[in-house]
Structure formats: structure tokens, C-alpha cells
Amino acid sequence: MSKYKNKDGISLNYDGDDSHKVLVREVVEEAIRILNTYQMDSSKSMEWAIQRGTNFLEENFDIKEEWNEVSNS
């Protein structure tokens, strides 16, 4: 998989150890952990992990309203 680039060809770069970059990496790592924490043989468990991971990202990146507007369009 390649890095996401916006329409202008710009991608994120979070190398480094300043506090903002470290915090963003920690939040993303926690989201990945949440999304990977489910029982492989349980669709309910997978749904729970996806919903919890989505809620976690929406809360930490303040995007809930934007996401709801896009998904309700």
C-alpha cells in the first residue's frame, strides 16, 4: 500500500520526536490496536472493533460532524 496523497500530491510526514508528532503517532497506534482487537471468528466482535475504532478516531481528531455529514449525503 502506498501513502495517501491529497489532490495536490501532499502526504503526511510524522517522522521526528516533537510532542505533536509523537502524540499523533500514539493516537494512530491506539486506533490500530483497537481495530485489530477482535475475535477472528466473530462478526459481532469485528463490528464492535470497527465501531470503537471509528469513534476513537472521530473523538481524537474532532471529525465526527464532518464524517456524519459525508455519510448522510
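Q: Before we look at any helix, what does "buried" mean here?
A: Buried means under 20% relative accessible area, while exposed means over 50%, and partly exposed lies in between. Keep in mind that this is a predicted model. Of the 73 residues of the chain, 12% count as buried.

Q: Which residues of α1 are buried?
A: In α1 they are V24, V27, A31 and I34. Viewed down the helix axis, these buried residues fall within an arc of 85 degrees, so they line one face of α1. S19 and E29 sit on the other side of α1 and are exposed.

Q: What do the buried residues of α1 pack against?
A: Their packing partner is α2. That second helix has buried residues as well, namely S45, A49, G53 and E58.

Q: Let me step back for a moment. How many helices and strands does the chain hold?
A: You will find three helices and zero strands. Reading from the N terminus, the order of elements is α-α-α.

Q: How do I compare the span of a helix with what its residue count predicts?
A: Expected spans rest on 1.5 Å a residue, taken times one less than the number of residues. For the 17 residues of α1 this gives 24 Å, and the end C-alpha atoms are indeed 24 Å apart, so the two values agree. Now try α2: its 18 residues should span 26 Å, and its end C-alpha atoms are 26 Å apart, which agrees too.

Q: How many salt bridges does the structure hold?
A: It holds one. To recognise a salt bridge, look for a side-chain nitrogen of Lys or Arg within 4 Å of a carboxyl oxygen of Asp or Glu. Here the side chains of E30 and R33 meet, with 2.6 Å from N to O.

Q: Where do E30 and R33 lie relative to each other?
A: Both belong to helix α1, residues 19-35, and they are three residues apart, so about one helical turn separates them. E30 is partly exposed at 27% relative accessibility, and R33 is also partly exposed, with a relative accessible area of 41%.

Q: Next, backbone angles. What sign does phi have in most residues?
A: Most residues other than glycine have a negative phi. In this model, D62 has a positive phi of about 50 degrees although it is not a glycine.

Q: Where is D62 placed, and is D62 buried or exposed?
A: D62 comes after α2, in the loop between α2 and α3. Its relative accessibility is 66%, so D62 counts as exposed.

Q: Which residues form a nonpolar patch on the surface?
A: A nonpolar patch joins side chains such as Val, Ile and Phe that lie within 5 Å, each with over 30% relative accessible area. In this structure the patch consists of V28, I32, F61 and I63, and together they have about 300 Å² of accessible area. Take I63 as an example: it is found in the loop between α2 (43-60) and α3 (64-71). With a relative accessible area of 32%, I63 is partly exposed.

Q: And what is the accessible surface of the chain as a whole?
A: It comes to about 6,500 Å², and 53% of that belongs to carbon and sulfur atoms.

Q: One last thing: how many of the contacts link positions far along the sequence, 24 or more apart?
A: Look at the contacts in the chain with a separation of 6 or more: residues 24 or more positions apart account for 19% of them.

Definitions and conventions. Residues are numbered from 1 along each chain as its sequence is written. This is a predicted model: local features need pLDDT of at least 70, side-chain atom pairs count only at pLDDT 80 or more; totals for chains, interfaces and linings use all residues. Side-chain values use heavy atoms; hydrogens and water are left out. Patches are made of residues with over 30% relative accessible area and no salt bridge: like charges are joined within 9 Å, nonpolar side chains (Val, Leu, Ile, Met, Phe, Trp, Tyr) within 5 Å. Accessible areas come from the Shrake-Rupley method with a 1.4 Å probe; for residues, only the protein chains shown count as cover. Helices (H or I, at least four residues) and strands (E, at least two) are DSSP runs, numbered from the N terminus. Buried means under 20% relative accessible area, exposed over 50%, partly exposed in between (1.4 Å probe, protein chains only). The arc is that of the directions from the helix axis to the C-beta atoms. Contact means heavy atoms within 4.5 Å.
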